[in-house]
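Here is a short report on one protein chain. Keep the sequence and the 3D view open while reading.

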Amino acid sequence: SQTSMGEVFEIFDADNHSIGTEYRSIVHKKGLYHRSVNVILFNSKGDLLIQKRMANKDVCPDMWDLSVGEHLKPMETYRSAAARGLKEELSIDISEADLTQIRPYQLFKYDNDEKDIHDYEFSECWKVVYDGPFQIDNEEVSEAKFVPWDNLSSLMREQQFTPWFKDELHHIREIPESIKDTILPETAHQ
């Protein structure tokens with residue numbers, strides 16, 4: 001949803017019920033609730049695809065991030081937004097049926113008073129296993145690469161990652177053993 005004023009987001013009350021729409025710039029300034037989806041993409045070896053955010057991003061520029069992060073368009077479902085994000089950011093065309101929900105929505109808050117940003121998102125996390133090629137959208141992503149699960153903690157000490165990357169990773173590690181086999185590749189078991 002582009003207009004001359006920029007992207008339009010659907011906005012929500014504190015219970016995640018739709019209350020209308022607003023421009024992105026105003027949403028991030030006033031701390032209005034909106035929706036986003038994170039996608040965690042593994043290959044069948046259990047390597048995790050991470051992407052580096054563009055330097056011109058208003059939130060967490062130049063930091064490593066999850067495979068895909070996407071704001072939902074008005075009326076869009078989390079699952080559709082996840083599939084759309086994979087296509088737009090990485091040129092990965094998968095069926096929505098290939099996506100598995102890792103966790104239901106929760107509120108994520110990011111405040112940066114210095115930049116006057118208050119980013120309050122009801123975010124869900126979805127997962128996909130994919131071994132095909134990918135091509136980054138240079139407008140959206142500065143770099144993307146597969147990282148072996150075992151190398152991730154050392155990389156996180158050396159490089160800057162988004163705060164929600166760390167939150168989601170924490171979440172993945174806490175998935176109950178009973179469902180780990182269906183959610184994570186074998187090698188990701190901790």
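## Salt bridges overall

This is a predicted model. Across the whole structure, a search turns up 10 salt bridges. One of them joins E7 and R24, with N and O 2.8 Å apart. E7 sits in strand 2 (residues 6-12) and R24 in helix 1 (residues 24-30), so this salt bridge ties together parts that are 17 residues apart in sequence. Both partners are partly exposed: E7 has a relative accessible area of 23%, and R24 is also at 23%.

## Further pairs and a network

K29 and D116 form another salt bridge, and their closest N and O atoms are 3.3 Å apart. This pair links distant parts of the chain. K29 is in helix 1, while D116 is in the loop between strand 8 and strand 9, 87 residues apart. K29 is partly exposed, at a relative accessible area of 48%. D116 is partly exposed too, at 36%.

Next come D65 and R53, whose side chains meet in a salt bridge of 3.1 Å, N to O. D65 belongs to strand 6 (residues 64-65) and R53 to strand 5, so the pair ties together parts 12 residues apart in sequence. Are these two partners buried or exposed? D65 counts as buried because its relative accessibility is 3%, under the 20% cut-off. R53 is buried as well, at 12%. Elsewhere, salt bridges link E70, E76, R84 and E88 in a network.

## Helix 2

Helix 2 covers residues 78-90, which makes 13 residues. What span should it have at 1.5 Å a residue? The expected value is 18 Å, because the rise is multiplied by one less than the number of residues. The end C-alpha atoms are 18 Å apart, which agrees.

Several residues of helix 2 are buried. They are Y78, A81, A82, A83, R84, G85, L86, E89 and L90. R84 therefore appears twice in this report: it is buried, under the 20% cut-off, and it is part of the network with E70, E76 and E88. Which strands do the buried residues of helix 2 pack against? The partners are strand 4 (33-42), strand 5 (48-53), strand 7 (68-71), strand 8 (100-112), strand 9 (117-129) and strand 10 (141-147).

## Positive phi at S91 and C60

S91 follows helix 2. Its place is in the loop between helix 2 and strand 8. Phi of S91 is positive, near 55°, and the residue is not a glycine. Most residues other than glycine have a negative phi. S91 is partly exposed, with a relative accessible area of 45%.

C60 also has a positive phi, about 50°, although it is not a glycine. C60 lies in the loop between strand 5 and strand 6. C60 is buried, at a relative accessible area of 2%.

## Cysteines

A disulfide is a covalent bond between the sulfur atoms of two cysteines. How many disulfides does the model contain? The count is zero, by the rule that two cysteine sulfur atoms must lie within 2.5 Å. C60 is buried at 2% relative accessibility. C125 is buried too, at 0%.

## The loop at G31

G31 lies in the loop between helix 1 and strand 4. G31 is buried, with a relative accessible area of 13%. What does G31 touch, leaving out residues up to four places away in sequence? Its contacts are H118 and Y120. The C-alpha atoms of G31 and I117 are 7.6 Å apart, though 86 residues separate the two along the chain.

## The whole chain

The protein chain has five helices and 10 strands. It is 190 residues long, and 48% of them count as buried. Among contacts with a separation of 6 or more, 61% join residues 24 or more positions apart. The chain exposes about 9600 Å², of which carbon and sulfur atoms supply 47%.

How values were computed: Residues are numbered from 1 along each chain as its sequence is written. This is a predicted model: local features need pLDDT of at least 70, side-chain atom pairs count only at pLDDT 80 or more; totals for chains, interfaces and linings use all residues. Side-chain values use heavy atoms; hydrogens and water are left out. Helices (H or I, at least four residues) and strands (E, at least two) are DSSP runs, numbered from the N terminus. Buried means under 20% relative accessible area, exposed over 50%, partly exposed in between (1.4 Å probe, protein chains only). Contact means heavy atoms within 4.5 Å. A salt bridge is a side-chain nitrogen of Lys or Arg within 4 Å of a carboxyl oxygen of Asp or Glu. Accessible areas come from the Shrake-Rupley method with a 1.4 Å probe; for residues, only the protein chains shown count as cover.
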